[in-house]
Amino acid sequence: MAARLKNPSVVTDGPPDAKRIDLRANEKKCSWASYMTNSPTVIVMIGLPARGKTYMSKKLTRYLNWIGVPTKVFNLGVYRREAVKSYKSYDFFRHDNEEAMKIRKQCALVALQDVKAYLDQEGGQIAVFDATNTTRERRELILGFAKEHSYKVFFVESVCDDPDVIAANILDVKVSSPDYPERDRESVMEDFLKRIECYKVTYQPLDPDEHDMNLSFIQVINVGRRFLVNRVQDYIQSKIVYYLMNIHVHSHSIYLCRHGESHHNLEGRIGGDSELSDRGKQFAAALKAFVQEHHLSDLKVWTSQLRRTIQTAEELGVPYEQWKILNEIDAGVCEEMTYETIAETYPDEFAMRDQDKYHYRYPGGESYQDLVQRLEPVIMELERQGNVLVICHQAVMRCLLAYFLDKSTENLPYLKCPLHNVLKLTPVAYGCKVDVFDLKVDAVNTHRDRPLNPPQSKQPDAVVRRNSFSPLSSQDQVKRPRMYSMGSSAHATEAHALPGMQFPEGAELLQSEETLNGFGAAEADNCVRS
């Protein structure tokens, strides 16, 4: 960092746009959401210290990466600490401290250089510039940088005048900041409040009526009590606004578990709609005791619309809601088969899934990427709610965990979510605390480890035909009913659906106007109260 700070002019002397190395078009792990962006975007945070900017930056980045838009935070405090190894006091942030002002500007320029590298050379699509950016001069610098490199800019300003919120933020986050090693809480509070006063001297909030009326931005006022949105330009900016208006800063916990063990679990079959085994019913009883033991009287309970989750919730003796979008990943023509049967009957399909489990889509079914798209409304509701218990399925639980624990798409399909365990997720300052409760009821292990040497498919073109980037409109996509397991021999009659695609009786081809990525109009009926 010290060497880089000697040349702050790098921001303005880059190669022309014609020479830009753009890897986004070839980025394998981009998703449907990525293709909604037609140019890189820089999200610029604005606000006085202790207003939750870094909190929002990290959460927003986690969300955008989860839906498949490559995003990275560039926190100016990190650059400043690398340039100035030892923080002494709030005097560093005085507007009349000329030496410090030069260092701070140089840090901003170096950070913008890294933003440029990320967006142009590393496949990034959104960069979050996390700093106070409280003066128009600084914002004009960023706007000029973005215009030169053809980036869009979206400002997020956090405005807060609630002293209790500010004090709580300082004590929760700033006391443990690298700026204050081994200092007591009282001295940290005193110094940080003086730091805020230094910024207030030159703070120029966004002016939606005159000076900033043509900028794209959202003002988050008093931790989401009110919002002001101005000139949203595109789909991604609307997603950013949608997300920021749904996250609430409040104390709550989210409990995740799978249904009790099912008959299909015992048989090694995937999907379907079978009922609970005897041990699955024991888990349901143990889950009821767990809820009572932890005094979760205000708990909301959500299930899918499949019988094994409903039977698990019924034992609790409390109201619950059924969500269709919480149903397990649709395995299409492979529903109710064992992995051994799939490997024998459709070896190419089995090999393709092991090569890229996140993006692979079952014929007539879904991929993990499709499932993430389907589960987005659930995430929004979980951000708004109090304490919630979600009784779901293995793939669904993996997707939800990946959001809260900031797991990559590469690792998401291999997260371990054993039966008969409850995970308690408690949001903390910049992440999520996880507590695992084993309810001591034996169950079969349904986890498949990542293959060390995945088999190679003999049909590489099939990946293009049936991955997560294309709509389900080709002739080999089959629509199957989901709730027919008990007494059904569907898993046997499906054995010849590939590669000749002899469709099972009652099956119908999916039309592109009916469904996209395995989630059609029927899924609009998301929630049924029970």
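# A guided tour, starting at H259

Begin by selecting H259 and showing what surrounds it. Not counting residues up to four places away in sequence, H259 touches N265, F283, R308, T309, T312, I391, C392, H393, L419 and H420. The model you are looking at is predicted. H259 sits in the loop that runs between strand 7 (254-258) and helix 8 (263-267). With a relative accessible area of 2%, H259 is buried. Now pick out R308 from the list of neighbours: its side chain makes a polar contact with the side chain of H259, at 3.2 Å.

**Step back to the whole chain**

Zoom out and switch to a cartoon view. The protein chain has 16 helices and 17 strands. Of its 530 residues, 54% are buried. Among contacts with a separation of 6 or more, 75% are between residues 24 or more positions apart. If you turn on the surface, the chain exposes about 23,900 Å², and carbon and sulfur atoms supply 50% of that area.

**Into the nonpolar core**

In soluble globular proteins, nonpolar side chains tend to be buried together. To look at this here, select I43, L375, V378 and V390. These are the residues with the most contacts inside the largest nonpolar core, which has 56 residues. Next colour helix 14 (residues 394-405), which gives the most to this core, with nine residues.

Stay with V378 for a moment. Where does V378 lie? V378 is part of helix 13, residues 368-384. Is V378 buried or exposed? Its relative accessible area is 0%, so V378 counts as buried. Leaving aside neighbours within four places in sequence, V378 is in contact with W302, W323, I325, L326 and L400. Try a distance label between V378 and L400: their C-alpha atoms are separated by 8.7 Å, and the two residues are 22 apart along the chain.

**An enclosed helix**

Select helix 12, residues 347-355. Seven of the nine residues in helix 12 are buried, so this helix is largely enclosed by the rest of the structure. The buried residues of helix 12 are D348, E349, F350, A351, M352, R353 and D354.

**Charged pairs**

Side chains of opposite charge can pair when their charged atoms come close. In this model the count comes to 18 salt bridges, and three of your next stops are among them.

- Select R80 and D179. Their side chains meet in a salt bridge, 3.0 Å from N to O. This pair links distant parts of the chain: R80 is in helix 2 (residues 76-83), while D179 is in the loop between helix 5 (163-172) and helix 6 (185-200), 99 residues apart. Both R80 and D179 are buried.
- Move to K116 and D120. K116 forms a salt bridge with D120, and the closest N and O atoms are 3.9 Å apart. Both residues lie in helix 3 (residues 98-121), four residues apart, or about one turn of the helix. K116 is buried, with a relative accessible area of 11%, and D120 also counts as buried, at 3% relative accessibility.
- Finish this set with K200 and E197. The closest N and O atoms of their salt bridge are 3.4 Å apart. K200 and E197 both lie in helix 6, three residues apart, about one turn of the helix. K200 is partly exposed, with a relative accessible area of 42%, and E197 is partly exposed too, at 44%.

One more selection belongs here: R80, R81, D179 and R195. Salt bridges that share partners join these residues into one network.

The spacing in the two helix pairs is worth a look from the side. An α-helix has 3.6 residues a turn, so residues three or four places apart point the same way.

**Last stop: the surface**

Bring the surface back and select V229, V232 and M245. Which kind of patch do V229, V232 and M245 make? Together they make a nonpolar surface patch of about 200 Å². Within it, V232 lies in the loop between strand 6 (226-230) and helix 7 (235-244). V232 is partly exposed, with a relative accessible area of 36%.

To close the tour, show H259 and V232 side by side: H259 is buried at 2% relative accessible area, whereas V232 is partly exposed at 36%.

Technical notes:
Residues numbered from 1 in each chain as written. Predicted model: local features only at pLDDT ≥ 70, side-chain atom pairs only at ≥ 80, totals over all residues. Heavy atoms only, no water. Helix = DSSP H or I, 4+ residues; strand = E, 2+ residues; numbered from the N terminus. Buried < 20%, exposed > 50% of the residue type's maximum accessible area, 1.4 Å probe, protein only. Polar contact = N/O pair within 3.5 Å; in protein donor to acceptor, adjacent residues only side chain to side chain. Contact = heavy atoms within 4.5 Å. Patch = residues over 30% accessible without salt bridge, like charges linked within 9 Å, V, L, I, M, F, W, Y side chains within 5 Å. Areas by Shrake-Rupley, 256 points an atom, 1.4 Å probe, with all protein chains shown as cover. Salt bridge = Lys/Arg side-chain N within 4 Å of Asp/Glu carboxyl O. Core = buried A, V, L, I, M, F, W, Y, C linked by side-chain atoms within 4.5 Å.
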